[in-house]
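Let's take a walk through this model, starting from a helix and ending at some aromatic rings. Have a look at the fold before reading on.

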Amino acid sequence: MTRFSSASDWQQWQKSWDRQQEWYMPDREERFRVMVDAVEAVAGHTPLVLDLACGTGSISDRVLRALPGARIVCVDIDPVLLTIARGHFAGDERVTFAEADLTDLDWTERLPHMSFDAVVTATALHWLDTEPLLRLYGTLAGLLRDGGVFLNADHMRDESAPRLNAAMNALLARRRQRQRGEGALDWADWWSRVADDPDLAEPAARRFALLGDPRVPQPAGAKTDRPTATDWHLATLREQGFAEARQLWCSTGDALVAALR
């Protein structure tokens, strides 16, 4: 069984996750701001929100700061990230949790509600291949009320300006290298700290068995079938039952897309 740390310890873990993610995506906070604005614009001040692949609860934290009357269901499969999120939101009755694999056909049966005002997710669905993602988009259309909104911020690319993309990516790479020299943690470093923490040893062991060990580099050139073009996501969302879909925000390699039911 996991030993539960103090609330401040879980908050520090949540903050350390944010800092690690920001090393990869320095404009991460800006896309969260646009995402939360879209939730408020469409669903008002007291929405029922599904935080899909919630991780440590970064999006939920921002939603609740901006919209204290919101209620949120956080769903994920990662035992470590769920442990941190549960610790971070301990005692907050506005937040409930469900543990589910989004590639399972019956994953929605684990949810406490079957209709939501908004579904939000970030830097998560790029792990899904084309067919599971197609199916998930259709499922999400069915989970949203009429007029509800789906918001997905993830690695999506616009290849129409390759020289500009290359220049911006080179700048980001230089900044990352400098920040690494100043002590910034990358993905593998962060998971190494998780593995060394006694409070997370048990969920870490389950996570590594279930999803693999993030400290181990993946083979170069491994084949995947994961869509990366923003236009693919927009067209697919419309095909899967959404009335409208558009890009709300983008950086060189990431975009926030919104789809209205």
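What follows covers one helix, its surroundings and a few ring contacts.

First, the ground rules: this is a predicted model, where local features need pLDDT of at least 70, side-chain atom pairs count only at pLDDT 80 or more, and totals for chains, interfaces and linings use all residues. Residues are numbered from 1 along each chain as its sequence is written, and side-chain values use heavy atoms, with hydrogens and water left out.

Start with helix α5, residues 130-143 (helices are DSSP runs of H or I with at least four residues, strands runs of E with at least two, numbered from the N terminus). Its end C-alpha atoms are 20 Å apart, which agrees with the 20 Å expected for 14 residues at 1.5 Å each (that is, 1.5 Å times one less than the number of residues). Among its buried residues are Thr130, Leu133 and Tyr137 (buried is under 20% relative accessible area, exposed over 50%, partly exposed in between, with a 1.4 Å probe and protein chains only). Down the axis, the buried residues of α5 fall within an arc of 160 degrees, so they line one face (the arc takes directions from the helix axis to the C-beta atoms). Turned away from that side are the exposed Glu131 and Gly142.

Now for the rings. Tyr137 and Phe150 make an edge-to-face aromatic pair, 5.6 Å centre to centre with 65 degrees between the planes (rings of Phe, Tyr and Trp, using its six-membered ring, pair with centres within 6.5 Å; under 30 degrees is stacked, over 60 edge-to-face, the rest tilted). Because Tyr137 lies in α5 and Phe150 in strand β5, the pair ties together parts 13 residues apart in sequence.
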